[in-house]
Amino acid sequence: MSDTSPRKTAKPSSRTRKPPEVSPAPARQSRAGRPRVRHDALTDAPALVLDGEVGEDIIARIYQTVFDSVMSQRLTPGTKLPEAALCELFGVGRTVVQKALQKLAHEHIVELRPNRGAVVAMPTPEETREIFQARRALEGAIMRLAVQNATRADLAKLRRQLKEEHEVMHSYAQTHWARLASSFHMRVAELSRNATLQRYLSELVSRCSLIVALHEPAGYAACEHDEHTHIVDLIERGDAEGAVAAMEAHLLSLEEHIHLVSENSGNSLARMLGME
């Protein structure tokens with residue numbers, strides 16, 4: 001007897017089934033993260049991106065450009081740093097700019113304000129007082145240890161540092177000798193043989209350097225060479241209390257020359273960053 005029931009058609013195996021061919025959609029050039037800035041001074045500025053420069057390299061360049069502009073007083077306290085403008089100037093997307101700004105904020109060079117963007121940091125008088133107060137206490141402890149631990153070789157290195165400092169003082173850009181003057185304090189800290197004190201001082205020196213760069217009158221030596229020389233003389237003589245007193249007077253003098261006044265330069269961001 002023949003089978004009259006309807007036959008079922010076998011479905012093709014999923015292993016052999018081929019997906020329908022779909023023509024790829026034409027690629028669209030994303031404009032996200034690369035906003036145009038209509039300000040003439042910004043759109044005409046040359047980009048700093050170099051051939052083959054990617055990732056951390058360009059982040060470092062943005063960071064260094066802003067840092068140097070702050071230290072040279074081209075960027076004044078409270079200056080806005082719009083992400084869109086920085087994207088246009090450096091020819092990068094927002095993610096890159098945001099990473100550079102986050103690094104600058106970590107070092108208290110800029111402030112990141114929710115829904116308001118980044119601005120050059122504006123230390124308050126109270127913050128300035130506390131930072132210098134902490135630094136005087138810390139460097140006082142460092143001076144006692146430095147006098148106790150310094151060797152003839154250490155003192156010879158300090159003398160070479162002072163010679164280099166004297167050569168560049170008032171001969172190079174203010175940022176150059178200000179950086180060299182700050183390094184003197186870190187070299188003295190090395191003589192303490194205390195890595196923890198050195199680490200804390202490094203942060204305080206960085207914050208003080210920012211305050212000095214932002215608020216000290218142009219042309220004034222952030223650290224007077226003669227005062228550094230006197231401190232080394234006291235260390236060499238083994239006069240711990242004299243060295244502590246000299247360092248405190250030195251830092252008090254530095255703080256007294258700071259004027260917490262912000263001035264609006266009226267320049268474009270490109271000009272303040274030294275890019276036009």
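What share of the contacts in the protein with a separation of 6 or more is accounted for by residues 24 or more positions apart? In this predicted model, such residues account for 77% of those contacts.

**Figure 1. Overall view of the predicted model.** The protein has eleven helices and three strands. Along the sequence these elements follow the pattern α-α-β-α-α-β-β-α-α-α-α-α-α-α. Of its 276 residues, 40% count as buried. The accessible surface comes to about 16700 Å², and carbon and sulfur atoms hold 50% of that area.

**Figure 2. Helix H5, residues 125-149.** The end C-alpha atoms of H5 are 36 Å apart. This agrees with the 36 Å that its 25 residues should span at 1.5 Å a residue. The buried residues of the helix include the nonpolar Ile131, Phe132, Leu138, Ile142, Met143, Ala146 and Val147. Thr128, Arg135, Arg136, Glu139 and Gly140 are also among the buried residues of H5.

**Figure 3. Surroundings of arginine 135 in H5.** Arginine 135 has a relative accessible area of 4% and therefore counts as buried, the cut-off being under 20%. Its side chain makes a polar contact of 2.7 Å with the side chain of glutamate 139, which is likewise on the list of buried residues in H5. Leaving aside residues up to four places away in sequence, arginine 135 touches His185, Leu201, Leu204, Val205, Cys208, Leu251 and Leu254. One of these partners, cysteine 208, is buried at 1% relative accessibility.

**Figure 4. The largest nonpolar core, with 33 residues.** The members that touch the most other members are Phe132, Ile142, Met143, Leu158, Val188 and Ile235. Two or more residues come from each of H5, helix H6 (152-168), helix H7 (174-190), helix H8 (195-215), helix H9 (225-237) and helix H10 (240-256). A second, separate core has 26 residues, including Ile62, Val66, Leu86 and Phe90. In soluble globular proteins, nonpolar side chains tend to be buried together.

**Figure 5. Contacts of valine 188 within the region of the largest core.** Valine 188 touches Ile142, Met143, Ala146, Leu158 and Ile235, when residues up to four places away in sequence are not counted. Of these partners, Ile142, Met143 and Ala146 are buried residues of H5. Ile142, Met143, Leu158 and Ile235 are, with valine 188, among the core members that touch the most others.

**Figure 6. Helix H3 (83-90) and the loop that leads to helix H4 (94-106).** H3 is mostly covered, with six of its eight residues buried. The buried residues are Ala85, Leu86, Cys87, Glu88, Leu89 and Phe90. Leu86 and Phe90 also belong to the second core. Cysteine 87 has a relative accessible area of 1% and is buried. The count of disulfides in the model is zero. Glycine 91 follows H3 and has a positive phi, near 65 degrees. At 28% relative accessibility, glycine 91 is partly exposed. The C-alpha atom of glycine 91 is 9.8 Å from that of isoleucine 58, a residue 33 positions away along the chain.

**Figure 7. Two residues other than glycine with positive phi, histidine 108 and arginine 193.** Most residues other than glycine have a negative phi. Histidine 108 has a phi near 65 degrees and lies in the loop between H4 and strand S2 (110-113). Its relative accessible area of 32% makes histidine 108 partly exposed. For arginine 193, phi is near 60 degrees. Arginine 193 is located in the loop between H7 and H8 and is partly exposed, at a relative accessible area of 47%.

**Figure 8. Valine 120 in strand S3 (residues 117-120).** Valine 120 is buried, with a relative accessible area of 0%. Its C-alpha atom is 6.3 Å from that of isoleucine 109, and the two residues are eleven apart in sequence.

Technical notes. Residues are numbered from 1 along each chain as its sequence is written. This is a predicted model: local features need pLDDT of at least 70, side-chain atom pairs count only at pLDDT 80 or more; totals for chains, interfaces and linings use all residues. Side-chain values use heavy atoms; hydrogens and water are left out. Helices (H or I, at least four residues) and strands (E, at least two) are DSSP runs, numbered from the N terminus. Buried means under 20% relative accessible area, exposed over 50%, partly exposed in between (1.4 Å probe, protein chains only). A polar contact is a pair of N or O atoms within 3.5 Å; within protein, one must be able to donate a hydrogen and the other to accept it, and residues adjacent in sequence count only if both atoms are side-chain atoms. Contact means heavy atoms within 4.5 Å. Accessible areas come from the Shrake-Rupley method with a 1.4 Å probe; for residues, only the protein chains shown count as cover. The expected span of a helix is 1.5 Å times one less than its number of residues. A nonpolar core is a set of buried Ala, Val, Leu, Ile, Met, Phe, Trp, Tyr and Cys residues joined through side-chain atoms within 4.5 Å. A disulfide is a pair of cysteine sulfur atoms within 2.5 Å.
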